[in-house]
Amino acid sequence: MDTPDATAAPLLGSGATSSKRLSVLLPLPLAGAYDYRVDDDLVVGDGDFVAVPLGSREVVGVVWGDATGDVDDAKIKPVAARLDAPPLPESLRKFVDWVAAYSLSPPGAVLRMAMNAREALTPPKPVRTYSAVDDPLNMPPGLRITPARKRVLGVLAAGPPRTMPDLTREAGVGASVVKGLAAAGAISALDLPPGATFAPPDPDHPAVDLSDEQQDAAQSLCHQVDAEGFAVTLLDGVTGSGKTEVYFEAIAAALRRGRQALVLLPEIALTPQWFDRFDRRFGTAPVVWHSDLSQSKRRLAWRAVATGEARVVVGARSALFLPFDALGVVIVDEEHEAAYKQADGVSYHARDMAIVRAQLIGCPVILATATPSLETRVNVARQRYDRLELPQRFGVAKPPLVEAVDMRDSGLKADEFLAPALRQALTENLAAGEQTLLFLNRRGYAPLTLCRTCGHRFECPSCSAWLVEHRFRRQLQCHHCGYNAPVPKACPHCEAEDSLAVCGPGVERIAEEVQAIVPEARLGVMTSDTMRGPEAAMEMVRTIEAREIDILIGTQMVAKGHHFPHLTLVGIVDADMGLSGGDLRASERTYQVLHQVAGRAGRAEKPGRVIVQTHQPEHPVMQAMISGDREAFMQLEEDSRAAGGWPPYGRLAAIIISSRDGAAADGLAAALARSAPTGADIQVLGPAPAPLAMLRGQHRRRLLLKTGRDQPVQPLLRDWLSQIKVPARARVRVDIDPYNFL
Ligand code: ADP
Ligand code: ZN
């Protein structure tokens with residue numbers, strides 16, 4: 001970027017009445033940017049953070065360009081101040097506008113995501129340090145030298161200034177001793193600007209030796225980084241093929257060019273092993289960004305990204321809105337993951353928006369996965385994306401052997417969920433000293449509790465959902481809104497005592513069954529209930545690696561990227577679970593999850609075995625699991641989507657209406673249906689109750705707009721919604737490319 005020569009730059013305010021106008025975007029859900037006046041003495045440019053009056057308050061916004069309106073001179077308000085923060089780069093401002101237009105969100109609502117580190121906008125506080133006085137002769141006369149004071153003076157006599165925590169630790173004294181010395185003038189206090197907080201990753205740190213296949217893929221990716229242009233590459237590699245090691249080389253290439261790298265991970269807190277490997281490759285940790293970060297960490301990370309000090313950032317989807325200015329590569333790991341879709345607030349798909357971000361910056365994107373999404377597959381076929389393949393597991397590891405167990409004739413009792421074949425396999429695996437993983441994507445003990453006397457079912461008072469029993473906590477919980485209540489002794493409906501029965505399994509119930517089969521086994525349960533925060537996940541991973549756990553039982557959380565060399569058996573308790581419901585991607589997603597879970601087995605020398613319990617062994621998903629023929633399955637999915645004109649062969653947008661008042665929701669839905677757009681390749685489905693017809697006390701109705709691929713849905717929607725008056729007690733939300741059909 002060119003920096004103008006300061007002496008040659010025209011200074012604002014050189015004329016007597018020079019006041020210019022510009023537009024400022026505020027991080028609020030308003031229709032657009034507002035015009036403000038800049039008075040003589042203030043120098044501001046595009047992207048600068050400024051404080052401006054809004055009504056009776058002062059708000060911080062971003063200079064978005066030249067003024068757009070023609071507000072009266074008398075009415076236009078002045079910019080109050082420019083903040084001492086790095087300006088928002090142009091590429092990010094364009095991205096904010098792009099996302100707003102695409103998702104039909106107010107630009108200010110999108111900007112808010114880019115400013116989601118309010119403290120970062122004020123410069124970091126200086127750090128107070130203490131040092132010895134320059135000249136021993138300046139020591140205050142008559143200073144009482146206690147042993148504690150002597151130690152402080154001794155520490156400072158040698159070496160650089162120390163911060164209070166360092167000094168008290170090194171000298172083994174309390175803060176009052178240091179303060180006393182400073183007050184007496186025996187040591188000097190000095191405020192220094194805070195130093196660098198993030199060590200730069202070293203691209204030339206000794207790395208693993210890549211196999212020839214990995215080397216070829218890495219080289220192609222590095223070429224793209226070196227070309228410094230936009231390109232998208234699918235890194236399509238089987239589980240355990242070393243995709244991470246390969247894309248690390250693209251990061252190294254970006255670093256060598258003095259550029260930044262962004263890695264998106266679907267569930268950042270749960271990937272401690274990823275961080276170990278990063279550290280091994282680059283000799284230091286990356287900068288981390290996710291929504292659970294503390295304010296102080298958020299501020300450090302945000303500023304470090306803006307100043308360029310942060311070289312590699314790994315984050316959840318919100319990291320896309322960080323103020324990168326020199327991105328050299330963006331990596332979306334596990335690109336097929338549904339977790340990349342944000343459905344609340346501004347709805348966007350982080351994989352798709354990563355591609356937009358990279359395009360606006362002009363850098364390559366790498367999509368890594370063992371099970372590419374249908375969208376990505378089609379983009380490869382249309383030659384919009386390149387594809388690199390890693391068809392083999394690294395080293396001697398082979399793909400696991402998958403077999404299905406038909407649960408229709410398993411002969412199990414109503415309270416048993418593990419078929420004899422799986423019981424036997426896990427008993428044998430335990431005897432052989434190997435680890436087993438049992439996968440069931442359901443938290444808690446049982447998904448439904450009912451009264452045997454009257455048939456009453458426990459339902460959430462504010463959602464159309466059953467309450468899930470959590471036996472460890474003795475609670476009934478709603479997994480949608482968090483409602484919970486103690487498990488009652490008697491049925492609240494008929495008051496019969498000891499008449500409650502549970503139906504179906506959750507992971508806790510499976511743990512109970514396993515314990516009964518192999519009482520000597522050491523069990524671990526891994527769900528979001530047992531794994532609160534990254535430390536808990538790290539500890540669980542450690543205990544598995546150290547072989548302190550024999551059988552791991554978990555939800556989707558166990559599927560994510562873990563590499564456990566001694567895990568050789570995977571049991572999928574209920575493979576059919578994700579297949580019900582009207583979700584467009586139900587089969588695809590089920591396949592991806594099952595494939596990923598199966599991919600945890602046999603990642604090292606010992607071969608892996610996967611047992612899939614299913615009621616529909618003939619289902620294409622199960623067939624694909626058994627045969628390992630991903631292509632045939634995906635082709636089938638592709639054909640059916642193409643035949644129905646579903647994405648990516650058509651476009652889809654959801655309109656979700658919600659209201660506490662069911663009649664109001666129905667009325668609004670009907671009004672929307674009446675003014676629905678029409679056209680040759682336009683179809684409006686609904687209104688219908690959303691599958692979760694009630695959520696957090698809100699009645700929900702849904703319409704789906706389905707169009708041909710060449711028909712942009714945004715103008716249609718804008719036009720459609722502008723004809724409708726939304727009553728105060730209802731809300732309308734638009735979700736472009738919906739993934740969640742709840
Ligand atoms: P994927 O992401 O494709 O599932 P990973 O990158 O997790 O595969 O690699 C699987 C395992 O193999 C990891 O433990 C990784 O460190 C190891 N590995 C991959 N490639 C190499 C290599 N070239 N040298 C040493 N270890 C490797
Ligand atoms: Zn609920």
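The legends below accompany close-up views of a predicted model.

**View 1. The surroundings of ligand 1 in the predicted model.** Around ligand 1 there are 16 residues, and those that come nearest are Asp 209, Gln 214, Gly 240, Lys 243 and Arg 277. Sorted by class, this shell holds four nonpolar, seven polar and five charged residues. Helix H7, which spans residues 243-256, contributes three residues, the largest share of the shell.

**View 2. Oxygen atoms of ligand 1 and the polar atoms beside them.** At Gly 242 the partner is a polar backbone atom, which is 3.0 Å from an oxygen atom of ligand 1. At Lys 243 an N or O atom of the side chain is 2.8 Å from an oxygen atom of the ligand, and at Glu 245 a polar side-chain atom lies 2.9 Å from an oxygen atom of ligand 1. On its own, ligand 1 has 560 Å² of accessible area, of which the protein covers 83%.

**View 3. Gln 214, one of the residues that come nearest to ligand 1.** Gln 214 belongs to helix H6, which runs over residues 212-227. Its relative accessible area is 3%, and because the limit for a buried residue is under 20%, Gln 214 counts as buried. When neighbours within four places in sequence are left aside, the residues in contact with Gln 214 are Ser 241, Gly 242, Val 246, Leu 390 and Phe 394. One of these contacts, Gly 242, also places a polar backbone atom 3.0 Å from an oxygen atom of the ligand.

**View 4. Strand E27 and the strands with which it pairs.** Strand E27, residues 567-572, is mostly covered, for six of its six residues are buried. With E19 it pairs in the parallel sense over five bridges, and in this pairing Gln 435 has Leu 567 of E27 as its bridge partner. With strand E28, residues 609-614, E27 again pairs in the parallel sense, here over four bridges, and the bridge partner of Val 570 in E28 is Val 610.

**View 5. Ala 575 in the loop that follows E27 and leads to helix H15 (586-598).** Ala 575 has a relative accessibility of 2% and therefore counts as buried. Apart from residues up to four places away in sequence, Ala 575 touches Thr 590, Leu 594, Val 612, Gln 613, Thr 614 and Met 622. Val 621 is 46 residues from Ala 575 in sequence, and the two C-alpha atoms are 9.2 Å apart in space.

**View 6. Helix H13 and the elements against which it packs.** The helix covers residues 507-517, and its buried residues are Val 507, Glu 508, Arg 509, Ile 510, Ala 511, Glu 513 and Val 514. These buried residues pack against helix H12 (420-431) and against five strands, namely E19 (435-439), E21 (468-470), E24 (500-503), E25 (523-526) and E26 (551-554). Strand E19 appears here as a packing partner of H13, and it is also paired with E27.

**View 7. An open sheet of three strands, in the order E7-E6-E8.** The pairing in this sheet is antiparallel, and its edge strands, each pairing on one side only, are E7 (162-163) and E8 (187-192). Strand E6, residues 127-132, is joined to E7 by two bridges, and Tyr 130 stands opposite Arg 162 in E7.

**View 8. Two cis peptide bonds and two residues with positive phi.** Most residues other than glycine have a negative phi, and most peptide bonds are trans. The bond from Pro 647 to Pro 648 is cis, with omega near 5°, and Pro 648 lies in the loop between helix H17 (630-644) and strand E29 (650-659). A cis peptide bond also joins Gly 686 and Pro 687, with omega about 10°, and Pro 687 lies in strand E30, residues 682-695. Leu 104, which is not a glycine, has a positive phi of about 55°; it is found in the loop between helix H1 (90-103) and helix H2 (107-114), and with a relative accessible area of 23% it is partly exposed. Glu 228 has a positive phi near 50° and is found in the loop between H6 and strand E9 (231-237), where its relative accessible area of 33% makes Glu 228 partly exposed.

Key:
Residues are numbered from 1 along each chain as its sequence is written. Chains are lettered from A and ligands numbered from 1 in the order in which they are written. This is a predicted model: local features need pLDDT of at least 70, side-chain atom pairs count only at pLDDT 80 or more; totals for chains, interfaces and linings use all residues. Side-chain values use heavy atoms; hydrogens and water are left out. Buried means under 20% relative accessible area, exposed over 50%, partly exposed in between (1.4 Å probe, protein chains only). Contact means heavy atoms within 4.5 Å. A residue is near a molecule or strand if one of its heavy atoms lies within 4 Å of it. A polar contact is a pair of N or O atoms within 3.5 Å; within protein, one must be able to donate a hydrogen and the other to accept it, and residues adjacent in sequence count only if both atoms are side-chain atoms. Accessible areas come from the Shrake-Rupley method with a 1.4 Å probe; for residues, only the protein chains shown count as cover. Ala, Val, Leu, Ile, Met, Phe, Trp, Tyr, Cys and Pro count as nonpolar, Asp, Glu, Lys and Arg as charged, and the others, Gly among them, as polar. Two strands pair if DSSP finds at least two bridges between them.
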